[in-house]
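Work through the exercises below with the structure open. Each task is followed by a solution in steps.

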Amino acid sequence: MIYNLIIQLRQELVLTVLIFLLLFIKLGKDRSNESILNFINVALLINLGAGFCCHETGALFNGMFNTNVLIVFEKDLLNLAALIISMQSYAWLKESKHLIEFYLLILTSLLGMFFMISSGNLLMFYLGLEMSTIPLAAAANFDLTKRKSSEAAMKLILSSAFSSAILLLGISFLYGTSGTLTFSILTAHINGNPLQMFAFILLISGFAFKISAVPFHLWTADVYEGSPVAVTSFLSVISKAAVLFTLVNLLYKVFTPIASTWYLVLVVLAAATILIGNLFAIRQDNFKRFLAFSSIAQVGFILIGISGSSQIGSASLIYFILIYIFSNLAAFGVVSVVSALTGKENISDFKGFYKTNPMLSWVLTIALFSLAGVPPTAGFFGKLFLMMAGAAKGNYGLITFAALNMVISFYYYLRVVKAIFMDENATPIEKLQVPAVSKLAMYICVAGVIVTGLASVVYDYIYSISIGL
Amino acid sequence: MSNYLYILWIPLLPLATFVILGLFGRKYLSGIAGILGTASLLTSTILSFVAAKQYFFVDGKVNGIFQKIVALKYTWLEFSPNVSIDLGIIVDPISVMMLVVVTSVSLMVHVFSLGYMKGEERFATYYAFLSLFTFSMLGLILSANIFQVYMFWELVGVSSFLLISYYFNKPSAVAASKKAFIVTRFADLGFLIGILILGFYGGTLDIGLLIERFTSIHSTQFLSITSASFLGASMLTWGLTLVFIGGAGKSAMFPLHIWLPDAMEGPTPVSALIHAATMVVAGVYLVARLFPVFSMDETALTIVTYVGASSALFAAVIACTQTDIKRVLAYSTMSQIGYMMFALGISKNGGENGLGYMASMFHLFTHAFFKSLLFLGAGSVIHMVHSNEMKDMGGLRKLMPVTHVAFLIACLAIAGIPPFAGFFSKEEILTAAFHENKIVYGIALFTAALTSFYMFRLYFNIFWSKEATVAAHAHDAHTSHDDHSDHGEGPWVMKLPLIILAACAVGVGFVPFSQLVTSDGAALETHVDVVFSIAPVVLSVLAILLAASFYKNKNEKSDKVASAFGGFYTAAYKKFYVDEVYIFITKKIIFPFIGQPIAWADRNIVDGFMLLLAKTTAKISESIKGLQSGKVQNYALYFFGGVAVLSILFIYIWK
Amino acid sequence: MNLTLLILLPLLTAVLILLAKGLQQIRVIGLTGAVAQLGLAGWLLKSFLAERAAGNNAAHLFESNQTWFKALNINYHIGIDGISLAMILLTSVIVVAGILVSWTMDKLSKEYFFLLVLLSMGAYGFFISLDLFTLFFFLEVAVIPKFLLIGIWGSGDKTKSAMKLALMLMAGSALVMVGLFGVYYNTHTFDIVQITQQGIPVGVQKFFFPFAFVGFGIFAALFPFHTWVPDGHASAPTAASMFLAGISMKLGGYGCLRIASLMPDAAHAYSWIIILLATIAIIYGAFATMMQTDLKYINAYSSISHCGFVILGIGMLNKTSINGAVIQMVSHGLMTALFFAAIGMIYSRTHTRIVAQLGGLLKAMPFISTVFVIAGLCSLGLPGFSGFVAEMTVFMGSWQNPDGAYRLATILSGASIVVTAVYILRATGRAIMGPISDEHALLADATWNEKLAAVLLIVGILIIGLAPFLINHLIMPSTDAIMAQMEKVNLLK
Amino acid sequence: MQEIPLSQILFVSTALFFIGMYGLFTRRNLITMLMSIELMLNAVNINFVAFNKFLFPDNLDGLFFTLFIITIAAVEAAVAIAIIINLYRSHNSIDVDDATEMKY
């Protein structure tokens with residue numbers, strides 16, 4: 001029994017232990033940042049490793065918490081992302097006095113996500129959600145002295161509070177119409193009466209807010225721009241991924257009876273999201289803001305994939321998330337290094353970047369190509385499979401629309417590449433000394449971007465463990 | 001039937017010369033290029049004479065009829081199982097006759113050029129092009145497949161282009177070459193479509209088969225092509241007319257003749273070869289080649305007749321007014337070819353009625369010799385005087401006796417004075433015309449008179465009129481690049497061809513042509529009817545005397561007459577403004593009203609539309625940026641709005 | 001023999017180039033790789049003919065089929081027929097020539113050669129694919145190198161042209177993608193061979209044919225989606241122009257052909273539209289060319305006109321015309337590459353491409369001028385050069401359709417050969433002939449590498465032009481197979 | 001006495017919710033906005049309790065949920081206020097309209 005508990009909770013446990021260790025370290029006499037960072041990275045590595053041992057399917061706390069191969073894999077992805085991020089922010093955290101607080105916040109939020117993913121009950125889900133959001137709001141404000149940072153945090157906390165209020169209203173109505181909070185039982189009570197539909201829409205809106213789908217996305221850009229790069233990348237990759245996993249889980253497992261409805265909802269959201277995301281991304285000059293909108297557009301494609309409501313759909317989603325982790329973090333990695341060492345965060349600053357930093361330029365370029373979905377990078381496969389999943393529904397209007405939007409997205413990704421390679425610049429960013437750890441992280445990402453696509457085993461594995469409708 | 005495969009070597013030798021000179025001539029062989037070319041062509045000439053002897057006098061005839069022999073047939077490009085381009089060699093009277101003509105004239109030109117082009121920088125290139133042309137011309141002659149004809153047709157065109165633009169840094173030469181190529185290309189389009197039509201209905205491109213199928217009234221092909229009609233004319237008419245347009249383009253028939261006078265920008269020997277003797281008669285040859293088919297269609301033949309006749313007259317009139325001697329010759333060429341054309345046009349296929357056909361071929365044969373003689377003569381004159389203008393000439397008979405005599409003979413020949421070659425062939429043509437079509441006969445007669453007039457105008461202007469001052473020409477001779485022999489007339493290599501050709505101009509008239517080349521291959525009995533031939537001869541003589549009185553010694557008569565004609569004279573002098581019309585059409589209509597609009601539209605409309613898409617996208621994105629107001633309360637408001645919209649959609653509308 | 005070598009060899013070359021140091025090493029490696037490709041292609045030809053001679057009449061030879069994405073039934077299925085082999089040969093020749101003409105490229109040479117080789121890899125992969133997914137994959141692989149090549153090493157308004165090119169091509173492939181999905185979800189496979197066997201329901205064809213065809217059409221400069229062609233070609237560096245016109249436009253033509261053979265009913269249903277657009281492209285391109293003043297623009301626009309023949313041939317949907325289309329692809333590839341090479345040589349010496357500023361170059365640089373003239377003559381369809389064979393075959397083919405409108409289309413496209421003559425001769429007469437200006441009089445003629453490149457391409461042109469039966473022999477059986485596919489029309493209704 | 005029907009309670013809670021939302025939209029003062037959000041959350045709490053009591057009295061999911069919401073709300077408030085304080089440090093104001101630096 002207890003053994004079961006440990007096995008099934010192992011990832012959460014490791015995290016918890018790590019968090020407490022950090023607290024103790026904080027209390028104890030202060031060590032050098034480097035040593036702490038190395039310690040943390042190693043610990044995260046262990047945490048990541050923990051995922052891959054002894055898989056166990058089962059439920060705990062009478063259905064509050066359940067786990068299976070898929071869920072564990074999803075958590076592994078999040079761990080991986082967390083590890084990469086922490087490696088990339090090495091340069092930035094080395095100088096910081098509060099790096100432990102940073103990790104405390106980040107890891108707590110990660111822990112929250114784990115619970116959210118594993119949740120088998122709306123209450124549990126809500127707790128996990130909040131637990132993952134609130135620390136991030138604090139983390140967004142990590143640059144205490146920066147005006148933008150606190151503005152971002154304010155916007156994040158207020159709008160997320162609002163969204164959770166909406167979400168809760170939805171949950172309350174669900175509860176009112178079904179009388180239960182447990183997913184497994186809930187399904188039976190879903191009959192799509194108006195109140196329930198309303199509840200569902202409120203719920204979806206809550207999700208849409210977290211994954212920043214249009215029109216619930218407006219906080220995204222500001223928060224991404226204001227908060228430190230590390231937090232931004234965490235927001236853009238990990239929290240988004242976690243919520244998406246949960247969303248798929250809910251839609252495919254719980255709201256099956258009203259599948260036809262939520263398909264339409266997703267279509268509407270997807271179309272709006274892709275279009276608006278692209279249209280805004282065209283104009284951006286601040287790199288983080290640019291990536292914010294590009295990630296919004298990406299979410300649109302993900303929604304198309306989910307709307308396929310097939311095993312291919314969910315598999316492609318997870319697959320895409322994996323690729324997205326690599327490519328987006330590769331991009332953010334470069335940005336974070338540049339902003340940490342030079343404080344420059346604008347695309348226009350990257351003009352002539354190739355002349356001074358060929359290595360970084362290639363990393364960034366490959367990342368962008370992967371985001372744009374150009375072969376042979378993995379992004380091509382990811383996007384294509386999402387579209388395929390969507391096409392399965394035979395809604396070719398949507399697919400064409402998305403495909404043409406890919407052209408727009410192409411424009412702004414190439415715009416950056418153009419700045420890097422082609423534009424002349426009298427004062428380009430000088431040659432940067434990239435810390436070994438960050439370099440390593442980037443290489444991992446690039447390798448991931450190349451390999452995940454061409455090596456079909458990855459996809460086939462994900463497909464084998466993922467769920468259909 | 002013995003083997004004629006060796007004929008293959010006749011075109012291949014010049015080709016080989018071209019390749020060798022083209023690749024290495026410039027660097028290594030510039031010294032011996034001329035000799036090389038001439039030698040290889042000499043071989044070809046000998047071979048073709050051998051072939052002629054064998055065909056005409058040994059085994060060409062089978063029970064009195066000359067056979068069409070296909071000596072070689074190789075499928076070169078297969079379009080579909082039965083429609084394909086087969087490279088072949090056809091041996092029949094006209095092709096053999098043309099072999100002789102082309103090789104011998106070309107040989108003369110080769111020899112002449114040895115002197116004329118001596119010391120040119122691109123001497124080897126010149127001979128390479130010359131060989132290329134000879135090759136293409138021979139290939140054209142021997143073609144057994146109508147598409148093969150087209151191929152060599154194009155090659156002939158391009159080699160003429162290369163030769164005209166031989167002095168490539170002389171803008172006028174470049175312009176002329178462009179004009180020549182483009183005008184003929186335009187005509188070739190007609191030829192091509194003609195081929196497509198004939199090939200489609202005939203179900204083959206092989207000339208033999210086409211003739212066979214289209215001449216038997218009951219063959220399915222014939223029925224289908226005559227039954228199919230477009231704009232009231234049967235497809236057969238269309239096909240033949242289009243093919244004829246191709247021929248007219250090459251043979252400088254009105255109104256496609258405009259390139260020929262300009263083409264005189266090329267070196268004079270080239271004019272002698274291409275624009276007098278060989279290429280320009282390709283059109284005639286083409287019609288002759290397909291004559292059996294033509295003879296099945298009245299309309300087409302009528303077109304041929306009148307185009308030919310009008311060109312003959314038109315050109316003759318213009319020729320009377322030109323002052324550039326080469327241009328005069330060019331127009332006379334055009335006029336003579338007009339003769340050949342209408343001779344074909346009025347002819348029937350086979351038997352007595354085939355007289356026109358025979359006559360036309362005969363005239364082609366004789367004309368080749370005296371016309372090339374005229375050009376080479378003019379060449380050596382120009383070579384000495386360094387000018388094409390009559391006014392710079394005069395009284396040259398003392399300075400260049402050989403040229404003078406040769407030129408005189410040629411003039412007599414073209415004027416149709418017995419017993420020179422031109423007399424016989426012209427006689428046949430006139431006879432045929434007289435029997436078939438009186439109008440044409442009239443035109444022909446008048447043209448004949450004009451011909452002798454302008455030819456002797458030319459002759460007197462060059463060799464008589466004013467007394468030439470030896471000093472002037474000696475001076476010219478001095479400045480001219482290569483050393484002259486004693487009295488200014490080029491070296492022996494330039495005189496020899498003149499002499500030989502002069503001999504031909506006298507002699508070839510006596511060839512028993514009607515025995516050899518006829519529409520149906522059977523010998524044709526012709527007799528020179530003295531009574532009949534009085535009229536033309538007398539006319540010619542009168543014309544010559546007139547010319548003599550005008551131009552033998554400098555006097556004002558000619559100018560008086562010219563002014564008497566007034567507007568007509570200037571019109572003729574300005575070549576009846578045909579060029580101006582062309583220039584107007586291209587420069588004033590096609591460029592500004594088709595080309596530029598399209599180019600503009602491509603940039604501004606088609607491409608503009610693409611750009612517009614981009615711009616609109618950018619504009620939209622600019623206009624909606626207000627959504628991201630930065631006010632967290634608006635964000636919440638939009639959030640709520642989204643909820644509201646979704647709820648309405650999914651609860652009330654799309655339940 | 002294993003076709004994957006065609007992909008691995010360029011890949012290896014690219015990697016080696018990345019590892020190499022200094023222009024000398026890089027270009028030597030590049031050249032070696034290119035020559036090896038040429039050799040490989042030659043060997044492929046040899047063994048292909050041997051197989052055919054041995055009586056192996058399978059539609060595709062050297063097939064190999066590995067599962068790639070099992071879950072989605074995506075296979076790495078490769079194999080060649082005569083047509084793709086012709087394309088492969090074309091590519092390999094142009095690659096060698098392209099490497100040769102960029103021999104002295106010293107700006108970021110490593111990246112330059114790397115991208116060139118990458119582009120060629122994309123082309124090979126595209127031509128050998130028998131699986132639509134793989135096909136699409138390689139189609140897009142070939143796009144990005146173009147963008148970078150033009151944008152980084154180009155001239156004039158390079159970034160704008162590069163962006164335009166990349167976006168339009170991407171739009172094209174987006175449409176292709178939709179079309180492919182449609183096919184996939186109605187046949188549950190991407191495998192061309194399987195689809196050919198089981199056929200596609202007519203309705204589906206009618207709906208998705210336009211997507212796929214127009215998508216590929218954009219690559220093949222289908223009117224009115226051709227506007228990337230002039231700017232792209234004009235701004236690109238010499239070798240890139242050669243690759244663009246010689247290889248990547250062929251991807252489009254080849255794709256159109258494959259699509260047409262996969263969806264015969266739709267192809268027949270829409271053929272009149274295709275023919276209409278093709279005819280417009282031919283005439284319109286020709287006239288637009290006549291008005292150009294920049295040599296590269298002249299050639300670019302003429303490419304639009306010439307590629308129109310490819311589309312026309314495909315649209316006419318009969319054996320001869322399709323043969324013609326294929327020959328025209330090869331011929332145009334070689335010819336236009338030669339043209340761009342010559343233009344590049346002229347530009348690198350005179351530093352101008354404006355016709356009016358040139359003149360009499362024949363005096364200063366006879367070799368280059370001769371090359372230019374040869375390219376021009378080939379372009380205006382002179383017998384003995386490849387252009388003649390190709391265009392005549394297309395004409396013969398398209399004339400076979402007795403319908404009046406089709407006849408008209410044929411005649412109009414035929415008329416373009418006159419216009420072609422006009423613009424070619426104008427350019428030649430002005431730039432190559434005529435008086436030469438003093439500063440141009442002293443310029444040097446071609447260097448060994450340029451000569452080699454030119455000769456290579458000319459030989460290719462001559463082989464097709466003088467012995468068309470060879471290439472006919474190569475592609476005829478495959479065209480027959482495609483026609484057999486076309487015959488299946490109406491069986492699925 | 002006769003007990004209040006569910007509908008009326010729901011009416012109250014809904015009203016409360018939208019009052020809160022209105023406050024959030026209109027008030028400029030961050031603290032006040034925060035309080036409005038608390039109102040919305042409490043409306044939800046009322047819902048839960050009411051549903052629990054009237055419809056599903058036999059288990060206590062709703063009540064527990066309410067408890068958790070209250071807790072979380074507290075946490076949220078704590079963090080939010082911390083952030084607002086920090087915002088005040090940098091902007092010298094807690095007016096939401098002063099913190100609109102990042103837009104478009």
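Two residues are in contact if their C-beta atoms, placed from the backbone, lie within 7 Å. The model is predicted, and the exercises use this meaning of contact throughout.

**Exercise 1. The contacts of chain D**

Task: Find how many residues of chain D are in contact with chain B, and how many residues chain D gives to its contact with chain A.

Solution.
- Step 1. Start with chain B: 9 residues of chain D are in contact with 10 residues of chain B.
- Step 2. Sort the chain D side of that contact by class: 6 residues are nonpolar, 1 is polar and 2 are charged.
- Step 3. Turn to chain A: here chain D contributes 33 residues and chain A contributes 30 residues.
- Step 4. Look for the elements behind the chain D side: α1 (6-26), α2 (30-54) and α3 (61-91) of chain D each give two or more residues to the side that touches chain A.
- Step 5. Pick out the main contributor: α3(D) has the largest share of that side, with 17 residues.
- Step 6. Sort this side by class too: it has 25 nonpolar, 5 polar and 3 charged residues.

**Exercise 2. The form of chain D**

Task: List the elements of chain D in order, then decide whether the chain is compact or spread out when set against the globule rule.

Solution.
- Step 1. Count the elements: chain D has 3 helices and 0 strands.
- Step 2. Read them from the N terminus: the order is α-α-α.
- Step 3. Compare the radius of gyration with the rule: it is 17 Å for chain D, while the globule rule gives 13 Å for 104 residues, so chain D is more spread out than a compact globule.
- Step 4. Check the extents: the C-alpha trace of chain D spans about 55 × 30 × 25 Å along its principal axes.
- Step 5. Add burial: 34% of the 104 residues of chain D count as buried.
- Step 6. Add the sequence range of the contacts: of those in chain D between residues at least 6 apart in sequence, 51% join residues at least 24 apart.

**Exercise 3. The same survey for chain B**

Task: State how many helices and strands chain B has, and what percentage of its residues is buried.

Solution.
- Step 1. Count the elements: there are 27 helices and 6 strands in chain B.
- Step 2. Take the extents: about 115 × 65 × 60 Å along the principal axes of the C-alpha trace of chain B.
- Step 3. Read the burial: 57% of the 655 residues in chain B are buried.
- Step 4. Read the contacts: among those in chain B between residues at least 6 apart in sequence, 79% join residues at least 24 apart.

**Exercise 4. A residue in a helix**

Task: Decide whether F173(A) is buried or exposed, and name its contacts beyond its sequence neighbours.

Solution.
- Step 1. Locate the residue: F173(A) is in helix α8 (residues 147-178) of chain A.
- Step 2. Apply the cut-off: a residue is buried if 20 or more other C-beta atoms lie within 10 Å of its own. F173(A) has 23 other C-beta atoms within 10 Å, so F173(A) is buried.
- Step 3. List the contacts, leaving aside neighbours within four places in sequence: they are L195(A), F198(A) and A199(A).
- Step 4. Compare two distances: F173(A) and L203(A) are 30 residues apart in sequence, and their C-alpha atoms are 9.8 Å apart in space.

**Exercise 5. The largest nonpolar core**

Task: Which helix gives the most residues to the largest nonpolar core, and what does A341(C) contact?

Solution.
- Step 1. Read the size: the largest nonpolar core has 691 residues.
- Step 2. Note the residues with the most contacts inside it, among them A505(B), A97(C) and A341(C).
- Step 3. Name the helix: α15 (residues 311-342) of chain A gives the most to this core, 21 residues.
- Step 4. List contacts of A341(C), again leaving aside neighbours within four places in sequence: they include A97(C), V101(C), M242(C) and L457(C).

**Exercise 6. Backbone exceptions**

Task: Where is L317(C), and where is P215(A)?

Solution.
- Step 1. Recall the background: most residues other than glycine have a negative phi, and most peptide bonds are trans.
- Step 2. Examine L317(C): its phi is positive, about 55 degrees, although L317(C) is not a glycine. L317(C) is in the loop between α13 (295-316) and α14 (319-350) of chain C.
- Step 3. Examine P215(A): a cis peptide bond joins V214(A) and P215(A), and P215(A) is in the loop between α10 (194-210) and α11 (218-226) of chain A.

Technical notes. Residues are numbered from 1 along each chain as its sequence is written. Chains are lettered from A and ligands numbered from 1 in the order in which they are written. This is a predicted model: local features need pLDDT of at least 70, side-chain atom pairs count only at pLDDT 80 or more; totals for chains, interfaces and linings use all residues. Helices (H or I, at least four residues) and strands (E, at least two) are DSSP runs, numbered from the N terminus. The radius of gyration is taken over C-alpha atoms; the globule rule is 2.2 Å times the number of residues to the power 0.38. A residue is buried if 20 or more other C-beta atoms lie within 10 Å of its own, exposed if 12 or fewer, and partly exposed in between; C-beta atoms are placed from the backbone. Ala, Val, Leu, Ile, Met, Phe, Trp, Tyr, Cys and Pro count as nonpolar, Asp, Glu, Lys and Arg as charged, and the others, Gly among them, as polar. A nonpolar core is a set of buried Ala, Val, Leu, Ile, Met, Phe, Trp, Tyr and Cys residues joined through C-beta atoms within 7 Å.
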